[in-house]
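Work through the exercises below with the sequence and the coordinates open. Each task is followed by a stepwise solution.

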Amino acid sequence: DWQATVNEAKAFRDQLEKRSKDYFQNTQKYIRPIMLIQVERTGKDQRNGVLIHSEDVKEYLIKQCAVPRNQIAIKTSEKDDIERIDLLEVDCPIRYIITKQALQEGWDCPFAYILVSLTNSHSETSMTQLIGRILRQPYASKTSIKELDESYVYTCQYDTNKLVRGIISNLQNEGLDDVSNFLSIHENG
């Protein structure tokens, strides 16, 4: 039930945004938590109602979760809604980025806090790369607000225990032992 996973992650992202507003009031440091959503399909001719497509998720966020259209971006090899957009700008509305694999290497956004994986990927390496997109902290420092000092992964189609072990092992192999301790995994279903 990918919709339940998206709902749960969205509700948590909304809580993080409230905490980030409190943080801004106290520090004048702006954070806008972004949720990355990994889907199974993105191509124009791949929307079949069986595999989870980027447009299915976008439509669900708009119609069922009441997310304004301008807060959602799709980043794929065919479509790049975030090209030339500074995601760190205060006036940037984007809070959700839907992708398949386009963010695995070379992409950096310290406001990305939550990864929602709606795929049935068995590649720990590619999942570790995606999780790497949410491990960076804004301003490269801790906030002293527990929720804003961690990264979060929501998944609905994979054995989470196996995923966690593999990811932590990959992070440790890359010399990121301390970072792996700040990763929270949430399993739905």
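**Exercise 1.** Which residues of α2 are buried?

Solution. The model is predicted, and residues are numbered from 1 along each chain as its sequence is written. Local features need pLDDT of at least 70, side-chain atom pairs count only at pLDDT 80 or more, totals for chains, interfaces and linings use all residues, and side-chain values use heavy atoms, with hydrogens and water left out.

Step 1: fix the terms. Buried means under 20% relative accessible area, exposed over 50%, and partly exposed in between, with a 1.4 Å probe and protein chains only. Helices (H or I, at least four residues) and strands (E, at least two) are DSSP runs, numbered from the N terminus.

Step 2: apply them to α2. The buried residues are S54, D56, V57, K58, Y60 and L61.

Step 3: find what these residues face. The buried residues of α2 pack against α1, β1 (34-38), β2 and β3. Contact means heavy atoms within 4.5 Å.

**Exercise 2.** Describe the packing of α1 on α2.

Solution. Step 1: take the geometry. Helix α1 spans residues 2-27 and helix α2 residues 54-63; they pack at an angle of about 55°, with their axes 11 Å apart. Axes are lines fitted to C-alpha atoms, for helices over the stretch in contact, and angles run from 0 to 180 degrees between N-to-C directions.

Step 2: classify the angle. The value of about 55° makes α1 oblique to α2. Angles under 35 degrees count as roughly parallel, over 145 as roughly antiparallel, 65 to 115 as roughly perpendicular and the rest as oblique.

Step 3: assign the hand. The α1 and α2 crossing is right-handed. A crossing is right-handed if the near helix is turned clockwise from the far one by less than a right angle, and left-handed if anticlockwise.

Step 4: list the residues. On α1 the contact is made by W2, Q3, V6 and N7, and on α2 by D56, V57, Y60 and L61. These divide into five nonpolar, two polar and one charged. Here Ala, Val, Leu, Ile, Met, Phe, Trp, Tyr, Cys and Pro count as nonpolar, Asp, Glu, Lys and Arg as charged, and the others, Gly among them, as polar.

**Exercise 3.** Summarise the protein chain as a whole.

Solution. Step 1: count the elements. There are five helices and six strands in the protein chain.

Step 2: order them. From the N terminus on, they run α-β-α-β-β-β-α-β-α-α-β.

Step 3: take the totals. The protein chain has 189 residues, of which 51% count as buried. Its accessible surface comes to about 9500 Å², with 44% of that belonging to carbon and sulfur atoms.

Step 4: look at contact range. Among contacts between residues at least 6 apart in sequence, 71% join residues at least 24 apart.

**Exercise 4.** E78 and G43 both lie in loops. Is E78 buried or exposed, and is G43 buried or exposed?

Solution. Step 1: place them. E78 is in the loop between β2 and β3, and G43 in the loop between β1 and α2.

Step 2: read the accessibility. E78 counts as exposed because its relative accessibility is 54%. G43, at 5%, counts as buried.

Step 3: list contacts, leaving aside residues up to four places away in sequence. E78 touches T42, G43 and K44; G43 is in contact with H53 and E78.

Step 4: compare sequence with space. E78 and K44 are 34 residues apart in sequence, and their C-alpha atoms are 8.7 Å apart. For G43 and T76 the values are 33 residues and 8.6 Å, C-alpha to C-alpha.

**Exercise 5.** Which phi values do A66 and R84 have, and where do these residues lie?

Solution. Step 1: A66 has a positive phi of about 60° although it is not a glycine. A66 sits in the loop between α2 and β2 and is exposed, with a relative accessible area of 64%.

Step 2: R84, also not a glycine, has a positive phi of about 65°. R84 belongs to the loop between β2 and β3 and counts as exposed at 79% relative accessibility.

Notes:
Accessible areas come from the Shrake-Rupley method with a 1.4 Å probe; for residues, only the protein chains shown count as cover.
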